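This report asks how a protein and its DNA strands meet in one model. Please look through the sequence and the structure first, and then read on.

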Protein chains: 2
Amino acid sequence: MEKKNPDTYFLSENNLPFEDFFHFGLSVDCIIFGYHQGSLRVLLIQRGAEPFKDSWAIPGDLVNPSEDLTSSASRVLKQLTGLTDIPVQQFHTFGSIDRHPVGRVITVGYYALVRSENHHPIASTWASNVKWFDVYDLPSLAFDHEEILTKAVETLRTKVRKEPVGFDLLPPKFTLLELQGMYEALLRERFDKPNFRKKILGADVLVPLDEVQKNVSHRPAKLFHFDKNRYESQKKQLFNF
Amino acid sequence: MEKKNPDTYFLSENNLPFEDFFHFGLSVDCIIFGYHQGSLRVLLIQRGAEPFKDSWAIPGDLVNPSEDLTSSASRVLKQLTGLTDIPVQQFHTFGSIDRHPVGRVITVGYYALVRSENHHPIASTWASNVKWFDVYDLPSLAFDHEEILTKAVETLRTKVRKEPVGFDLLPPKFTLLELQGMYEALLRERFDKPNFRKKILGADVLVPLDEVQKNVSHRPAKLFHFDKNRYESQKKQLFNF
DNA sequence: TCAAAAGTGTTCCGAATACACCCATGC
DNA sequence: GCATGGGTGTATTCGGAACACTTTTGA
């Protein structure tokens, strides 16, 4: 982008010269949520570089001056973990003065929900390791990443009660009890099975498949599929858990 | 803040030198909502400086490198409009590449709700004018401020349905119909009077006062006061409009 | 007396809750 | 058979929506 001469503009009452206002660093952090074996997971990297070398951290990096915030989040996620085609969602910006030891770095937080069995992250560039962690059983994290993660979980909880985003955590075909388990893990709340079924089926966004579970030592459950189109055409408030 | 030597850090795979990542501008924008005569208002300034000189805009300015984001929002608001002691709330960050003609400026959006009759804004520094506008009847705005305002209104609507923030728009003493009118203006929705009363009184957060309206040509309404302590001690979901 | 808004009560309906109970499969 | 989870039905409660009605004031 071509810059006009900034000195012709009167941008602030502050006595500092204009150029001093352009010394912020900007980064993005990507909180990737997954669901596996009944627990809510988050994808973390181990830092292979200072500062906080060897600490676990939320995948994130500095934004390139020529890229958009959202594209930057996707790019950074790909570079560090190899994950692609994951739509991310902004949730909060963190800008405490001392949050980064290198300088004044503001970070914009993004989150996403993925089917963890479809995505096989590989650590690259300065990430020395990538791993899924149980959200409720975390190591200590670099920078202010604990605060960031807490805020992300909070946002996710609010979101999932109003919109059918939870399906992104499950395989395309799932049983109703798997769905219920996912919601229970996410919201840390127990639901009544018959009532959960009624509510979710009453929402009319699930398509029953002609398929059942295999190799289970009990009555096999019917498989369902989430129909996004059906949801879009209704647009009611469906998920009031 | 003292900076360590950045060159000792390996912060990004990108080939650009480290210093190139510290050329972002950072600003804050403050969307101040008020309520007056049945309509939802927003406080705008007229720009007395380039770019977008003379355009109406959301009060905002560049962040000083040594200040916190939230403090910056309060400081900027005070400098441009004279308003003080207004707690602001972050809602979204806007960072399109071309959103600012001078360079790459990221802006963090804050909003607040005020009793407009208590606050008398005065334009200062580079704001040549300040004025309340009906949210649904706006002039065209500078930069991407229309987008920012839309997002702020959206956030406010979501918020007001879950938490009793709306009271910040009203005088300390109000009638139930005034309260209802405020919610109706904010949510652009009509409510049934008897049902509204029942719901709001049932929430048990209003204190009836021994006082009634004066000089009205009809039966004077009882005045109420919002009791924050009572709300805090309950912490239920109260406002499901 | 009338207009205008304040304020109350009652009915209806649908959604959420709390259960009790039956069904299919592997071992 | 029996353990295990899958799946259904029902009775009750609660909150919201609709609406008819009475009350109090100023003019």
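**Basis of the report**

A residue is near a molecule or strand if one of its heavy atoms lies within 4 Å of it. This is a predicted model, in which local features need pLDDT of at least 70 and side-chain atom pairs count only at pLDDT 80 or more, whereas totals for chains, interfaces and linings use all residues. Residues are numbered from 1 along each chain as its sequence is written, chains are lettered from A and ligands numbered from 1 in the order in which they are written, and side-chain values use heavy atoms, with hydrogens and water left out.

**DNA strand C**

Of the atoms of DNA strand C within 4 Å of the protein, 51% belong to sugar or phosphate, and the rest belong to bases. The strand is surrounded by 20 residues, of which A:P194, B:L177, B:K193, B:P194 and B:K198 are the closest. By class, this surface has seven nonpolar, four polar and nine charged residues, where Ala, Val, Leu, Ile, Met, Phe, Trp, Tyr, Cys and Pro count as nonpolar, Asp, Glu, Lys and Arg as charged, and the others, Gly among them, as polar.

Polar contacts are pairs of N or O atoms within 3.5 Å; within protein, one atom must be able to donate a hydrogen and the other to accept it, and residues adjacent in sequence count only if both atoms are side-chain atoms. A polar side-chain atom of B:K198 lies 2.8 Å from a base oxygen of DNA strand C, and one of A:R219 lies 3.3 Å from a base oxygen of that strand. The elements that give two or more residues to the surface near DNA strand C are helix 4 (193-202) of chain A and helix 4 (193-202) of chain B, helices being DSSP runs of H or I with at least four residues, numbered from the N terminus.

**DNA strand D**

Around DNA strand D there are 21 residues, and A:L177, A:K193, A:K198, A:K222 and B:R219 come nearest. Sugar and phosphate account for 50% of the atoms of DNA strand D that come within 4 Å of the protein.

A polar side-chain atom of B:N195 lies 2.9 Å from a base nitrogen of DNA strand D, while for A:R197 such an atom lies 3.1 Å from a phosphate oxygen of the strand.

**Domains of chain A**

Chain A is divided into domain 1 (18-162) and domain 2 (172-234), with bounds that come from an automatic or database domain assignment. The centres of these two domains, taken over C-alpha atoms, are separated by 30 Å.
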